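Visitor: Please show me the structure, and then let us go through one strand and its surroundings by question and answer.

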Amino acid sequence: MNDEKKDIEKDFEPKIVGFLCNWCSYAGADLAGTSRIQYPPNIRIIRVMCSGSVDSMYILRALLEGADGVFVGGCHPGDCHYIDGNYKARRRMVLLQNILATLGLEKERVWIRWISASEGQKFADTMKEMTEAIKKLGPNPISKKWNI
Amino acid sequence: MVKQKILEVKNSDVTGTVNDFLKNLLKSGKISALLVSQSVPSRKVVFPVLISDPDKLDAKVFAPLLPASTSKIVSKITKFQPSDKPLGVVLHPCQIRALIELVKLNQANLNNIIIIGVDCLGTFSLNTYADFPEKKNPIDFILDDFKSNSDKSEQFLRSACVVCNQPVPINADIIIGLFGMDINKEILIEAVSDSGIKILEDLKLDTFKDVKKREKYIEDLIGNRTKKLAAFIKDKTGNIDIESLTSFFDKCVNCHNCMNVCPICYCRECLFDSSVFDAEANKYVKKSESKGLFKLPNDSLLFHLGRMNHMILSCVKCGLCEQGCPMNIALMDVFIPAAENAQKEFKYQPGKNRDEKVPMVVYREDEYVEVGEK
């Protein structure tokens, strides 16, 4: 059993859902691609107009449906196309992580990072970093729960 | 003028004394109508009524029952147009806090509203109140219990009330006070705001003198309850994990009643009642294939966590969600700890400051810098 578990964990490829803002992070990911920078293919990118438009609902749904991690990417503070969307996204993330921590769920599975349109390398590095971190955490235990 | 006055209690009839006071307000035209709890004809329970005829007033201000969110009722009455005439609303402290939150969320208008807050002795659930097992009626029971300084009524209190550390009204215009008073003889009537002072100024009442005694009583009570609250949170979240959380909502039938009775959940159409999560048959099958099986109706944990994310910073811990749950899920076990922790994080106390905005609509550039960095 233990050996089997170890094997599963060794081959474990996390599924990460990423919400990237149209103006910065999505363009950053695009730049990483056009610059042919290699990064782990674990992220499934969803383009949104602003990190401030990502309701906690979307993040929770991804987690409960079995995503191993959720990534939110926005413009650097002060650079938001809509002036303050990322500041609001940051507050929402603090609230969500606070609630997850209270309820004994793993808040480490939810990330928010600022990546600008010119930071293709930073996007690739962040993806490497997050994939490694989620691999260490192991599969999301909620993904096996069918009674939720 | 003197802000704190006393109502003399005749024949130990506390309820009658307050009713005379309220009748006077109605008769004098200082208020045109009053929202207050009154026994239904069967006398089984009390419900809020909007009363304008002083002769029909038979209010039960001290009834230990909160059958529905009275703050939501004030919202319903005032959200389209503020009242032209002065309207008195007698509210529990938690409902005043909820009303202040609804005002901040543009769901209620306090123009011409006179908030009359009552020191809260705690409330029983609707069923406990309706089928009260003791010989006395619940109102006499809790008042006698208070007079004799015993805690016999605690066994009947809703869990939210047992750990409530805000039983004294804040943000009221007038407070009807019991704490620290010898209620066989007198009740406190305190004017807090300008409109409260205007109403009380020409009433010929004695000045309240024993301020220290009341302050000491309240300090002890709040200290005691705060300890209970901390112990409650420690007890409920000490061993919480994914296993216990997912089985916590096992009995949930997705009726969404907790949302309907919540004073803070004001959305006319809730996301969870909409068709946002509806999908084609093929998607259901695909979801089934990914886990092998899944429970239906689905998304009950998503509903509770999502609702919590939307309302928890304004949660006043009134416990109406738990009272409204047909399956008796002890919702306060998760909502009280979540509310305490989240509100502490944002240093926000719902219902405390009328001018402070709710945390999710404001921000500071230099806060939580570490959250987006690493």
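Visitor: Which residues point the other way from S4(B) than Leu87(B), Val89(B) and Leu91(B)?
Guide: In this predicted model, strand S4 of chain B covers residues 87-91, and 5 of its 5 residues are buried. Leu87(B), Val89(B) and Leu91(B) point one way. The residues that point the other way, also buried, are Gly88(B) and Val90(B).

Visitor: Which residue of S4(B) is the bridge partner of Leu35(B)?
Guide: Strand S2 of chain B, residues 33-39, pairs with S4(B) in the parallel sense, over 3 bridges. In S4(B), Leu35(B) has as its bridge partner Val89(B).

Visitor: Which residue of S5(B) is the bridge partner of Val89(B)?
Guide: S4(B) also runs parallel to strand S5 of chain B, residues 113-118, and 5 bridges join the two. Within S5(B), the bridge partner of Val89(B) is Ile115(B).

Visitor: Is the β-α-β crossover from S4(B) to S5(B) right-handed or left-handed?
Guide: S4(B) and S5(B) run parallel. The chain passes from S4(B) to S5(B) through helix H3 of chain B, residues 93-104. This β-α-β crossover is right-handed.

Visitor: Which element gives the most to the side of chain B that touches chain A?
Guide: In the contact between the chains, 36 residues of chain B meet 32 residues of chain A. The elements giving two or more residues to this side of chain B are helices H9 (242-248), H11 (281-291), H12 (300-311) and H14 (332-345) of chain B. The one that gives the most, with 7 residues, is H12(B).

Visitor: How many nonpolar residues has the side of chain B that touches chain A?
Guide: That side of chain B includes 9 polar and 6 charged residues. Its number of nonpolar residues is 21.

Notes
Residues are numbered from 1 along each chain as its sequence is written. Chains are lettered from A and ligands numbered from 1 in the order in which they are written. This is a predicted model: local features need pLDDT of at least 70, side-chain atom pairs count only at pLDDT 80 or more; totals for chains, interfaces and linings use all residues. A residue is buried if 20 or more other C-beta atoms lie within 10 Å of its own, exposed if 12 or fewer, and partly exposed in between; C-beta atoms are placed from the backbone. Helices (H or I, at least four residues) and strands (E, at least two) are DSSP runs, numbered from the N terminus. Two strands pair if DSSP finds at least two bridges between them. A crossover is right-handed if, with the strands pointing away from the viewer, the path from the first strand over the helix to the second runs clockwise. Two residues are in contact if their C-beta atoms, placed from the backbone, lie within 7 Å. Ala, Val, Leu, Ile, Met, Phe, Trp, Tyr, Cys and Pro count as nonpolar, Asp, Glu, Lys and Arg as charged, and the others, Gly among them, as polar.
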